[in-house]
Amino acid sequence: MNRESFAAGERLVSPAYMRQGCEARRSHEHLIRLLLEKGKCPEDGWDESTLELFLHELAIMDSNNFLGNCGVGEREGRVASALVARRHYRFIHGIGRSGDISAVQPKAAGSSLLNKITNSLVLDIIKLAGVHTVTNCFVVPMATGMSLTLCFLTLRHKRPKAKYIIWPRIDQKSCFKSMITAGFEPVVIENVLEGDELRTDLKAVEAKVQELGPDYVLCVHSTTSCFAPRVPDRLEELAVICANYGIPHIVNNAYGVQSSKCMHLIQQGARVGRIDAFVQSLDKNFMVPVGGAIIAGFNDSFIQEISKMYPGRASASPTLDVLITLLSLGSNGYKKLLKERKEMFSYLSNQLKKLSEAYNERVLHTPHNPISLAMTLKTLDKHYDKAVTQLGSMLFTRQVSGARVVPLGSLQTVSGYTFRGFMSHTNNYPCAYLNAASAIGMKTQDVDLFIKRLDKCLKTVGKEQNKESDVSGVDNYDKTEDVDIEEMALKIDNVLLGTCQDSS
């Protein structure tokens, strides 16, 4: 209610009570005003009542929520289900216009304001996370792979001769397919093994630039966040190569916002050389549903070009999700999550090290990877072929998600390209291994339960060393922990084991 409404209410309720209610509302409005004035994430998170007031105030500015609105066009924000309308807080028009995803919509002032303020908050968080000189960014309603494709398509107009993208190998299908979908030919640069780590082969990158000719190279497509034993690319050196040869540089920073090391690499790369854009996922870094990403960069005009390349309007759902999340957390809340993630990485590393030693294995030494860890599976691998993949299926059926078991010698064809040793980021890694990652939001109890279940699975597989497909020894598994799934797990283990072998 506005001042006139409160004054009118004084005829019905004591003026003292009405003034108290007016002051309470002003405290909410003060937070909203500060947000709009500063365009930065508030230090302390908002309560739900302030958030809902803010969203309601924005939503009623959209034409579909006008009282007496008369819509006679083909896109008037009509929604058949009231449940769907409530799910989206009645933001129905989406964001952007047909020519620019960041443009203001005349029919949707509230949605447009929501989009602008979200982009501003996300920019503030990227700076807080370590990329201090970033100049512009926007939320796009596509996951990381398609967002990378959008960047490559934007570069196509600037580099008409280019047909190749130089790509230090990272065994993740979507980032590889992002180049194929954009119509370019990936030039795969194999990594070099340094100790346990797989690192960027800088000499091979530069040699390939010279061989192909800089004008025919669209960009270098590098990666920060990745599964161990691969570690983030040597971004500073790659950025210098790109600057020297006048080649654009696009960075896949999928879940790197949560890592100060990954963000520092991007900041340093931009300082000493060239980074045109870096792309990060919303769900992996901000704990929202899958479906959105952030495209950011250091050249304001280039980021605007990318936003104008997006055809048509876009869904506002990812924008709304991350706005609600950041306002709920506040910058202090997000910094706390980043701090806890680092602590969980150390805890996971220590616990995995203790477990690995008990089974004559070891945690691979990958100090340049700040998120992912890998534990060798040499003992299993030397006993019989199916042991490694059996372990993976056992973990999965016991509700351990996210852990990856990587056997030796897997072949995988992606968009017509065949990779040897797929998932290990190289043709011939010295051993099979298991991955686990410490990502934002992970808790101590997650680590403890993972270690406990991994321990029991390793014991079970160890007892079956001489039986290729019989996993009856799992009867010793503690059924009080997973009563509802144990009987199903016994059956599924063998099915998944056969599937894994067929796919490899």
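## Nonpolar cores

A nonpolar core is a set of buried Ala, Val, Leu, Ile, Met, Phe, Trp, Tyr and Cys residues joined through side-chain atoms within 4.5 Å. In this predicted model, the largest such core has 47 residues. The members that touch the most others in it are Ile 126, Ile 266, Phe 278 and Phe 286.

Leaving aside residues up to four places away in sequence, Phe 286 has eight named partners to look for in the structure: Ile 125, Val 257, Ser 281, Ile 294, Val 322, Thr 325, Leu 326 and Tyr 334. Apart from the largest core there is a second, separate one of 36 residues, which includes Ala 277, Phe 302, Ile 306 and Val 414. In soluble globular proteins, nonpolar side chains tend to be buried together.

## A nonpolar patch on the surface

Leu 12, Val 13 and Tyr 17 make a nonpolar patch of about 370 Å² on the surface. Tyr 17 belongs to helix α2, which covers residues 15-38. Tyr 17 counts as exposed because its relative accessibility is 57%, and the cut-off for exposed is over 50%.

## An annotated position

The unreviewed UniProt entry carries the annotation "binding site" for Arg 75. In the model, Arg 75 sits in the loop between α3 (48-59) and α4 (82-87).

Arg 75 has a relative accessible area of 23%, so it is classed as partly exposed. With residues up to four places away in sequence not counted, Arg 75 touches His 93, Gln 105, Lys 107 and Arg 313.

Terms used:
Residues numbered from 1 in each chain as written. Predicted model: local features only at pLDDT ≥ 70, side-chain atom pairs only at ≥ 80, totals over all residues. Heavy atoms only, no water. Buried < 20%, exposed > 50% of the residue type's maximum accessible area, 1.4 Å probe, protein only. Contact = heavy atoms within 4.5 Å. Patch = residues over 30% accessible without salt bridge, like charges linked within 9 Å, V, L, I, M, F, W, Y side chains within 5 Å. Areas by Shrake-Rupley, 256 points an atom, 1.4 Å probe, with all protein chains shown as cover. Salt bridge = Lys/Arg side-chain N within 4 Å of Asp/Glu carboxyl O. Helix = DSSP H or I, 4+ residues; strand = E, 2+ residues; numbered from the N terminus. UniProt positions renumbered as here; feature names shortened; annotations may be inferred.
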